[in-house]
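Please examine the sequence and the three-dimensional structure shown below. The paragraphs after them serve as a guided reading.

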Amino acid sequence: MSAPTTTLAKGITSGLRAAMERDPKVVLLGEDIGKLGGVFRVTEGLQKDFGEERVIDTPLAEAGILGTAIGMALRGYRPVVEIQFDGFVYPAFDHIVSQVAKLRARSLGYVAMPIVIRIPFGGGIGAVEHHSESNEAYFAHTAGLRVVACSNPHDAHWMIRQAIETDDPVVFYEPKRRYWDKGEVGDAPEGPLGSARVLREGTDVTLLAYGPMVKTCLQAAQAAEEEGRSLEVIDLRSLSPLDEDVILASARRTGRVVVVHEASTFLGLGAEISALVTERAFYHLEAPVLRVGGYDVPYPPSRIEEEFLPDLDRVLDAVDRSLAY
């Protein structure tokens, strides 16, 4: 019997539902997440089934939402916060990096902060300003936060459940342009929350990606195969901590690495991964680690966003440059 097929968005919905059924201390907070079910309908039906005390429609005040979540976590709850869009997280930035990330260390482990902060991120949906940002590097840079990104329905379901069960705070990125992509959801997670996955084995070049760019890299690998090139595709899944073992093993095996993400290339996750591979696998490399990302400009208007976002051609161009060394 095959696994059930669903969208990435509904994979998160079913994961939230399972977590709420398992633990009555799991509470959802966010703007329009109750009766409306969220902008992307990820929480649709949950307030009806669990009540307004567990699925809470909040005021339009991200700082207030996170401040409330901190208080709830201190009282033993496991709040799951929805930030409606990536660019709306900044009013809550001080709470996240100054309190959420540090309270456990500040209390020498006595106080846990089991908060999950869900953030739809990335472009590709034709949205207006402040609705298409990739700000994961801010939080990956902040010690005390786990930062993860799902890319498919199976991981969406299981990773949100794992994140909720974690006593550390987790920033959970959801690729909004992939919300409607369908796939199977199996009956067990693909490894622990901090692990990467090799989605396609290859011998010539390693492609490292996460979130919305995983599908793009799989498409690039398929296109490259038609030209006789073998690309390995790895879904990082966890951005902080990075799964260094999987990354380095692949780099040593292929000798060539290309990192792909939507965020601006300058000081993005690709820079840290490039440093990691160069420092730890230098003598196995046949070419420098290359990065494919957004340009170092504010996210552009939707009519030209496809010029900003990495696509199959830009990924394949980086592969060509890597093989040319």
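The following text begins with a sheet and its helices and then turns to individual residues.

The model is a predicted one. A suitable starting point is the open sheet, in which seven strands follow the order β3-β2-β4-β5-β7-β6-β12. The pairing within this sheet is mixed. At its edges are β3, residues 55-57, and β12, residues 238-240, each of which pairs on one side only. From one strand to the next, the twist averages 20°.

Within the sheet, one pair of strands may be followed in detail. Strand β5 comprises residues 116-121, strand β7 comprises residues 170-175, and the two pair in the parallel sense. Six bridges connect them. Ile 117, for instance, has Val 171 in β7 as its bridge partner.

Helices accompany these strands. Helix α7, formed by residues 153-165, packs on the sheet and touches β2, β4, β5, β6 and β7. The direction of helix α7 makes about 165° with that of β7. Helix α3, residues 62-74, lies across β2, β4 and β5. This helix runs at about 170° to β4.

Three residues now deserve individual attention. Gly 34 is found in the loop between β2 and α2. Is Gly 34 buried or exposed? Its relative accessibility is 6%, and a residue counts as buried under 20%, so Gly 34 is buried. Beyond its neighbours within four places in sequence, Gly 34 is in contact with Gln 47, Val 55 and Asp 57.

Asp 187 is located in another part of the chain, in the loop between β8 and β9. Its relative accessible area is 73%, and exposure begins over 50%, so Asp 187 is exposed. Along the chain, Asp 187 and Trp 158 are 29 residues apart, and their C-alpha atoms are separated by 8.9 Å.

Glu 262 belongs to strand β13, which spans residues 257-264. Because its relative accessible area is 4%, Glu 262 is buried. Which residue has a side chain joined to that of Glu 262 by a polar contact? The partner is Arg 177, at 2.8 Å. When neighbours within four places in sequence are left aside, the residues in contact with Glu 262 include Gly 122, Ser 134, Arg 177, Met 213, Gly 293 and Phe 308.

Finally, two of these residues may be related to each other. Gly 34 and Glu 262 are 228 residues apart in sequence, and their C-alpha atoms are 30 Å apart in space.

Definitions and conventions: Residues numbered from 1 in each chain as written. Predicted model: local features only at pLDDT ≥ 70, side-chain atom pairs only at ≥ 80, totals over all residues. Heavy atoms only, no water. Pairing = 2+ DSSP bridges. Helix = DSSP H or I, 4+ residues; strand = E, 2+ residues; numbered from the N terminus. Axes fitted to C-alpha atoms, helices over the stretch in contact; angles between N-to-C directions. Contact = heavy atoms within 4.5 Å. Buried < 20%, exposed > 50% of the residue type's maximum accessible area, 1.4 Å probe, protein only. Polar contact = N/O pair within 3.5 Å; in protein donor to acceptor, adjacent residues only side chain to side chain.
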